[in-house]
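Trainee: I would like to take a close look at a single part of this protein and then see it in the setting of the rest.

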Amino acid sequence: MQLHWVQQAPPAAEAPQATLAELVARLGEGARAGQAGDVALGAVPASGGGWIVFSLTPHEHPRLAVDNGGLFSMLAMAIGIGLVAVPVVRWMTRPLRRLAEAADRVGRDPRPVMLATDGPVEVQHAAIAFNAMQGRIARLIEDRTEALASLSHDLRTPLARLKLRASFLDEGEERTRMEADITEMEAMVSRTLEYFREGRDAEPTVPTNLAAILQTLADDAADAGHDVTYHGPAQAVLPLRRLAAKRAFSNLLNNAFQHGAPPVTITLTATADGWVTDIADAGTGIPPTEFERAVSPFVRLDAARGGSGVGLGLTIAQRFAAGEGGSLTLAQAPAGGLLVRVKLRG
């Protein structure tokens, strides 16, 4: 737009075109407007005298030329940066992922796994500190286990003496009760020691036939007079700590025999990512509100289930399942008792 002031009135233009009619109306009385080609011309009377003349010339935006060579060069540079950045980022974040996975295992998997001290300097320092922390925790647990093992040995000696003295008593109800109490105390000491040793033994993970373990436990229990049946395949091979698996499922069966009611059923089912073992009884069961407390160590729900013990059977089994990357959950059994479900990765 160009503006200038003139004293004399410019010549009157022809009637404005329709496109300029709105402009003339908005400029006010006496305004003039016309068009010469692409240029709009007009004038407005000034309040102090004279006229303000203006001209409007359309502005053309130049079209940018596309440089195909430059675009291809930028695209190639971006691809090259991406190819270099991906492995570098992975190299930097791989130790962090290992650190996060190891931190997630703390408290669930009792076996410490030392981290590799590679990667950036800061990550190396974090891995070294994490390994030192795991070592201190492992030593603390080992010291506690050794102390309990010594205590267990010290307790077994007087228990053996009591059992020997009870054997010299005359046959009768009192002798039977005394021997039963001594046997129960020995079982409680052994169960407590198993709890503190769970996952700390240097037992390797080997291919194990879980179905064979469950069938053997069921057959042994049936030979002992228990009403128990096994339902499942004859083969179910997966990587497990064999002795720990046998101890965990034996605890679950004993828990069903002592606190539940017959019949007891063991069901093994294959899933997409592993195997599921259900152990159910027909007892009074446990209220769903007490499921969380039932798997806590040294907790006995005497109001719901009878029997004796120190409340470690479910806890030992849960720690075994967590150590193998699985889980243990409780539910109501179809027969009204307790259903313990152990999921293990295949």
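Which residue of strand 4 does G42 stand opposite?

Mentor: G42 stands opposite F54 in strand 4. Before following that pair outwards, please keep in mind that this is a predicted model, in which local features need pLDDT of at least 70 and side-chain atom pairs count only at pLDDT 80 or more, while totals for chains, interfaces and linings use all residues. Residues are numbered from 1 along each chain as its sequence is written, and side-chain values use heavy atoms, with hydrogens and water left out.

Helices (H or I, at least four residues) and strands (E, at least two) are DSSP runs numbered from the N terminus, and two strands pair if DSSP finds at least two bridges between them. In these terms the pair G42 and F54 sits where strand 3 (residues 39-45) is joined to strand 4 by six bridges, the two strands running antiparallel. Along this pairing P45 stands opposite W51, and the two strands form a hairpin with five residues between them, in whose turn G49 has a positive phi of about 110 degrees.

G42 also has a partner in strand 2, for A33 stands opposite G42 in strand 3. Strand 2 (residues 32-36) is joined to strand 3 by five bridges and runs antiparallel to strand 3; these two form a hairpin with two residues between them, and G37 in the turn has a positive phi of about 70 degrees. F54 likewise has another partner, since the bridge partner of L3 in strand 4 is F54, while H4 stands opposite V53. These pairs belong to the five bridges that join strand 1 (residues 2-6) to strand 4 (residues 51-56), again antiparallel.

Put together, the strands make an open sheet of four in the order 1-4-3-2, with antiparallel pairing. Strand 1 and strand 2 stand at the edges with a single partner strand each, so one side of each is left without a neighbour in the sheet. Neighbouring strands are turned by 20 degrees against each other on average, direction ignored, where axes are lines fitted to C-alpha atoms, for helices over the stretch in contact, and angles run from 0 to 180 degrees between N-to-C directions.

The setting of this sheet is a protein with eight helices and eleven strands. Another open sheet has five strands in the order 6-8-9-11-10, with mixed pairing; its edge strands are strand 6 (228-231) and strand 10 (327-332), each pairing on one side only, and its twist averages 15 degrees from one strand to the next. Strand 6 and strand 8 (residues 264-271) run parallel and are joined by four bridges, and the bridge partner of H231 in strand 8 is T267.

Helix 6 (residues 242-259) lies across strand 6, strand 8, strand 9, strand 10 and strand 11, at about 170 degrees to strand 11, contact meaning heavy atoms within 4.5 Å. Among its buried residues, under 20% relative accessible area with a 1.4 Å probe and protein chains only (exposed is over 50%, partly exposed in between), are F249 and L252. Both are named, with L328 and L330, as the residues with the most contacts inside the largest nonpolar core, which has 39 residues; such a core is a set of buried Ala, Val, Leu, Ile, Met, Phe, Trp, Tyr and Cys residues joined through side-chain atoms within 4.5 Å. Helix 6 gives the largest share of this core, eight residues. Not counting residues up to four places away in sequence, L328 touches L252, V295 and V340, among others. In the loop between helix 6 and strand 8 lies P263, and the peptide bond from P262 to P263 is cis, with omega near 0 degrees.

As for confidence, pLDDT, the predictor's confidence in each residue from 0 to 100, averages 80 over the protein, and 84% of the residues score at least 70. Over residues 303-308, however, pLDDT stays under 50, although the model has 21 contacts for this stretch beyond four places in sequence. Where pLDDT is low, the predicted coordinates should not be read in detail.
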